[in-house]
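Work through the following exercises with the sequence and the coordinates open beside you. Each task is followed by a solution that proceeds step by step.

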Amino acid sequence: MVVKPKVREFICTTAHPVGCKMNVKNQIDQIRQEEKIVNGPKNVLVIGSSTGYGLATRIVTAFGAGANTLGIMFERPAQGKRTATPGWYNTKTFEEEAAKEGLYAKTINGDAFSKEVKEEAIEMIRKEMGQIDLIVYSLAAPRRTVEDGTVYTSVLKTTGEPFTNKSLNLKDNTVSEKTVDCANEEEILHTVKVMGGEDWMDWMEALSQNGLLAKGALTVAYSYIGPELTYPIYNHGTIGQAKKHLAKTAIEITERFRDQDVKGYISVNKALVTQASAAIPIVPLYIAIMYDVMKKKDLHEGCLEQMDRLFREKQFTTDPILDENGMIRLDDWELKQEVQDEIMRRYEIVDSENVTELADIEGYWDDFYHMFGFRIDGVDYEADVEL
Ligand code: NAD
């Protein structure tokens, strides 16, 4: 079948099997060409391993540090003429490439929040891996079902009052004002239930109770803070409340498992186009302007470069470099004064007429299409492919 992109605003409902394969292979090759990471992790569990930051962490730990990895993801395989989701193709390629190097790489496709998936993971780790020395929590999920059947749904809203600002219209790349509504107490609570740290702690408990946490193991969850411009929708919004809960959980993990010398960290990463971030209102225009500014200053990074920097420059597994709040700051380049001053200058004046000059609209969409395996060099998009 010939597979074409079918884009509906911030989502593409098709994925190209060969494009996804090539995209992941290119990233693996990039890491293969670098020097090996010394004192990296050996046995890694990545929760949310198939796309975005989780996949990048999996690639860097496996191909950069030679780690065995177990991934947890929630992806759909192909059905009839319907393509699989990109994470499904990404993971297949990851596993094939890992096998070539004799690296253990298995993946559970299911709901990470559920007891069943946790039990399956515990069984696999016990039988096939041994103790885990790094747990990466990189879930970006719209909802969570808990054991009693209650379903919590996360929302991307402000808290306090509604917020209006310029926003990129993903349908036609025009700029117009958009208002983001204010969440009620229940919506805030639901978002914290889904994107906060409760489930992260459950994973840690499950590993610990089964004796599968290595002494001195590390765990990290990913967060975002961003500039004041996006505070109303991000840092002070519903998602920001969840991220604060995540940060509190990192501290609780360190305390709870102190006798095993386990440490919980938050890594604050850069804003990038992923399936999760494309859905946040107002953020895509900020990202497109930021891309242009950072590329011109030669400071731009993707998920892979960010995760590579986590293990090398930020010395995550040896002697992590932290800010005054104990967090790892991979958003340090994004938040440089000179970068933010230039973004703010452009944000003030950007409109539908000048947006292609002031923002990297091409770069935004390139990253977007790449996620689904499109616009990848060397792929014949007219050819028939097997799904
Ligand atoms: P993503 O959408 O690319 O990845 C999400 C991953 O979670 C996928 O592997 C998906 O399969 C998995 N997943 C979702 N629901 C699941 C479930 N119920 N069970 C099992 N797996 C499930 O997102 P991302 O942007 O890489 O985000 C990962 C983390 O990084 C999030 O916590 C996000 O807030 C954070 N972060 C993102 C950015 C950004 O700009 N993209 C910046 C900083 C921090």
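**Exercise 1.** In this predicted model, determine which residues of helix 12 (residues 361–371) are buried, and state what follows the helix.

*Solution.* Taking under 20% relative accessible area as the criterion for burial, one finds that the buried residues of helix 12 are Ile-361, Gly-363, Tyr-364, Trp-365, Phe-368, Tyr-369 and Met-371. The helix is then followed by Gly-373, which has a positive phi, near 80 degrees.

**Exercise 2.** Establish how many disulfides the model contains, and explain the result for Cys-303.

*Solution.* A disulfide requires two cysteine sulfur atoms within 2.5 Å, and by this rule the count is zero. Cys-12 is in no disulfide, the nearest cysteine sulfur being that of Cys-20, 9.3 Å away. For Cys-303, the closest cysteine sulfur is also in Cys-20, but because the separation is 14 Å, it is too far for a bond. As to accessibility, Cys-12 is buried at 5% relative accessible area, and Cys-303 counts as buried at 15%.

**Exercise 3.** Compare the settings of two salt bridges that involve helix 4 (residues 115–129), namely Glu-119 with Lys-115 and Lys-118 with Asp-199.

*Solution.* Begin with the pair inside the helix: the closest N and O atoms of Glu-119 and Lys-115 are 3.7 Å apart, which satisfies the 4 Å limit for a salt bridge. Both residues lie in helix 4, four residues apart, about one turn of the helix. An α-helix has 3.6 residues a turn, so residues three or four places apart point the same way. Both partners count as partly exposed, Glu-119 at 45% relative accessibility and Lys-115 at 43%.

Turn next to Lys-118 and Asp-199, whose side chains meet in a salt bridge with an N to O distance of 2.6 Å. This pair links distant parts of the chain, since Lys-118 is in helix 4 and Asp-199 is in helix 6 (residues 198–209), 81 residues apart. Here both partners count as buried, Lys-118 at 9% relative accessibility and Asp-199 at 1%.

**Exercise 4.** Identify the residues that form the negative surface patch containing Glu-147, and place Glu-147 in the fold.

*Solution.* The patch is formed by Glu-116, Glu-147, Asp-148 and Asp-202. Glu-147 lies in the loop between strand 7 (143–145) and strand 8 (151–153). Because its relative accessibility is 69%, Glu-147 counts as exposed, the threshold being over 50%.

How values were computed: Residues numbered from 1 in each chain as written. Predicted model: local features only at pLDDT ≥ 70, side-chain atom pairs only at ≥ 80, totals over all residues. Heavy atoms only, no water. Patch = residues over 30% accessible without salt bridge, like charges linked within 9 Å, V, L, I, M, F, W, Y side chains within 5 Å. Areas by Shrake-Rupley, 256 points an atom, 1.4 Å probe, with all protein chains shown as cover. Lys, Arg positive; Asp, Glu negative; His and termini not counted. Charge placed at Lys NZ, Arg CZ, Asp CG, Glu CD. Buried < 20%, exposed > 50% of the residue type's maximum accessible area, 1.4 Å probe, protein only.
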